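Q: I would like a close look at a single part of this protein, set against the rest of the fold. Please go through it step by step.

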Amino acid sequence: MSRYKINEVFESIQGEGAHTGVPSIFIRTQGCPVGCAWCDTKQTWTEDTIFRTSVADVMNKSEPDERWFEASAEQLLTLIRKQNYVANHIILTGGEPCLFDLTAVSSLFIDNGFSVSIETSGTFEIVTHPDTWVTLSPKVKMKGGFAVLDSALARANEIKHPVATEAHIDDLKQLLDRGQHAEETLIYLQPISQQARATQLAVDTCIKENWRLSLQTHKFIGIE
Ligand code: SF4
């Protein structure tokens with residue numbers, strides 16, 4: 001039976017990419033070895049069991065921190081039912097959710113009437129229900145030394161590329177030049193940390209390439 005390490009479960013509005021504005025239940029997995037310098041969820045990196053705790057502890061966090069609990073797909077479904085959330089879209093994010101085989105949890109949620117998406121760096125095999133929406137946010141040349149997999153590019157429904165400099169645009173073009181992604185895959189540029197220069201670069205490039213712009217709208221309105 002698959003067990004998942006979970007850092008956070010909360011309901012909010014998706015602020016990025018193709019599902020922007022959709023009320024969603026976020027399930028944040030624990031563990032990520034990718035090592036992005038600008039990562040805004042560094043509390044998910046460690047898998048040290050010293051931080052393992054109860055569901056109640058994690059659900060009562062007032063600020064994000066390293067504590068996590070372990071649960072099966074069934075226990076996660078019971079938990080979100082108990083929270084009385086109203087959203088019927090579930091986002092498995094991280095951390096790096098593809099450290100786990102997501103088949104059991106995504107299948108259970110889909111069988112119970114939820115739509116499911118995952119957000120991944122593309123550096124681990126994506127193993128999930130075929131109806132899962134896959135948001136690939138490729139992490140290229142990061143400290144952990146992992147490569148973006150061809151299979152992740154092929155599976156992506158949207159590729160949402162973080163961008164601050166021209167070099168990041170070149171990285172994306174190199175990924176697309178591999179020819180693995182489907183014709184209908186949506187391509188987004190997302191400025192890193194809402195920097196003005198990054199945003200202008202993303203806007204100019206989206207117009208030039210006929211790509212889409214993704215802004216982290218949740219950060220503009222001060223929600224998680
Ligand atoms: Fe952070 Fe995501 Fe990069 Fe992992 S892949 S270090 S969670 S931004």
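Which residues does Ile25 touch, not counting residues up to four places away in sequence?

A: In this predicted model, Ile25 touches Val9, Phe10, Glu11, Ile80, Tyr85, Ala87, His89, Ile90, Ile91 and Phe114, with residues up to four places away in sequence left out. Ile25 itself lies in strand E2. Its relative accessibility is 1%, so it counts as buried. One of its partners, Val9, is 16 residues away along the chain, and the C-alpha atoms of the two are separated by 7.1 Å.

Strand E2, residues 23-29, also serves as a packing partner of helix H3. In H3, which covers residues 103-111, the buried residues are Val105, Ser106, Ser107, Leu108, Phe109 and Ile110. Besides E2, these buried residues pack against strand E1 (3-13), helix H2 (73-82), strand E4 (89-93) and strand E5 (115-120). Just after H3, Gly113 has a positive phi of about 90°.

The loops on either side of E4 hold two backbone features. Most residues other than glycine have a negative phi, and most peptide bonds are trans. In the loop between H2 and E4, Asn84 departs from the first of these tendencies, with a positive phi near 60°. Asn84 has a relative accessible area of 63% and is therefore exposed. In the loop between E4 and H3 lies Gly95, and the peptide bond that joins Gly94 to Gly95 is cis, with omega near 5°.

Gly95 also belongs to the surroundings of the ligand, together with Cys32, Val34, Gly35, Cys36, Cys39, Thr41, Trp45, Ser121 and Lys139. By class, this shell comprises 5 nonpolar, 4 polar and 1 charged residues. The ligand takes up the space of the largest pocket.

Ser121 leads from the ligand shell to a second buried position, Leu136, with which Ser121 is in contact. Leu136 is placed in strand E6. Its relative accessible area is 0%, so Leu136 is buried. Leaving aside neighbours within four places in sequence, the other contacts of Leu136 are Thr120, Gly122, Ala152, Leu153, Ala156, Glu158, Ile159 and Lys160. Ile118 is 18 residues from Leu136 along the chain, with 8.2 Å between their C-alpha atoms.

After E6 (133-136), the loop to helix H4 (150-155) contains Lys141. Lys141 is not a glycine, yet it has a positive phi of about 55°. With a relative accessibility of 67%, Lys141 counts as exposed.

As for the whole, the protein has 7 helices and 9 strands. Of its 224 residues, 52% count as buried, Ile25 and Leu136 among them. Among contacts with a separation of 6 or more, 63% join residues 24 or more positions apart. The C-alpha atoms fill a box of roughly 50 × 35 × 35 Å along the principal axes. The radius of gyration is 17 Å, which agrees with the value near 17 Å that a compact globule of 224 residues would have.

Notes:
Residues are numbered from 1 along each chain as its sequence is written. This is a predicted model: local features need pLDDT of at least 70, side-chain atom pairs count only at pLDDT 80 or more; totals for chains, interfaces and linings use all residues. Side-chain values use heavy atoms; hydrogens and water are left out. A residue is near a molecule or strand if one of its heavy atoms lies within 4 Å of it. On a 1 Å grid over the protein atoms alone, a cavity is a set of points where a 1.4 Å probe fits but cannot get out, and a pocket is an open set with protein on both sides within 12 Å along at least five of seven lines; lining residues have an atom within 4 Å of a point. A molecule sits in a cavity or pocket if more than half of its atoms lie within 2 Å of its grid points. Ala, Val, Leu, Ile, Met, Phe, Trp, Tyr, Cys and Pro count as nonpolar, Asp, Glu, Lys and Arg as charged, and the others, Gly among them, as polar. Buried means under 20% relative accessible area, exposed over 50%, partly exposed in between (1.4 Å probe, protein chains only). Helices (H or I, at least four residues) and strands (E, at least two) are DSSP runs, numbered from the N terminus. Contact means heavy atoms within 4.5 Å. The radius of gyration is taken over C-alpha atoms; the globule rule is 2.2 Å times the number of residues to the power 0.38.
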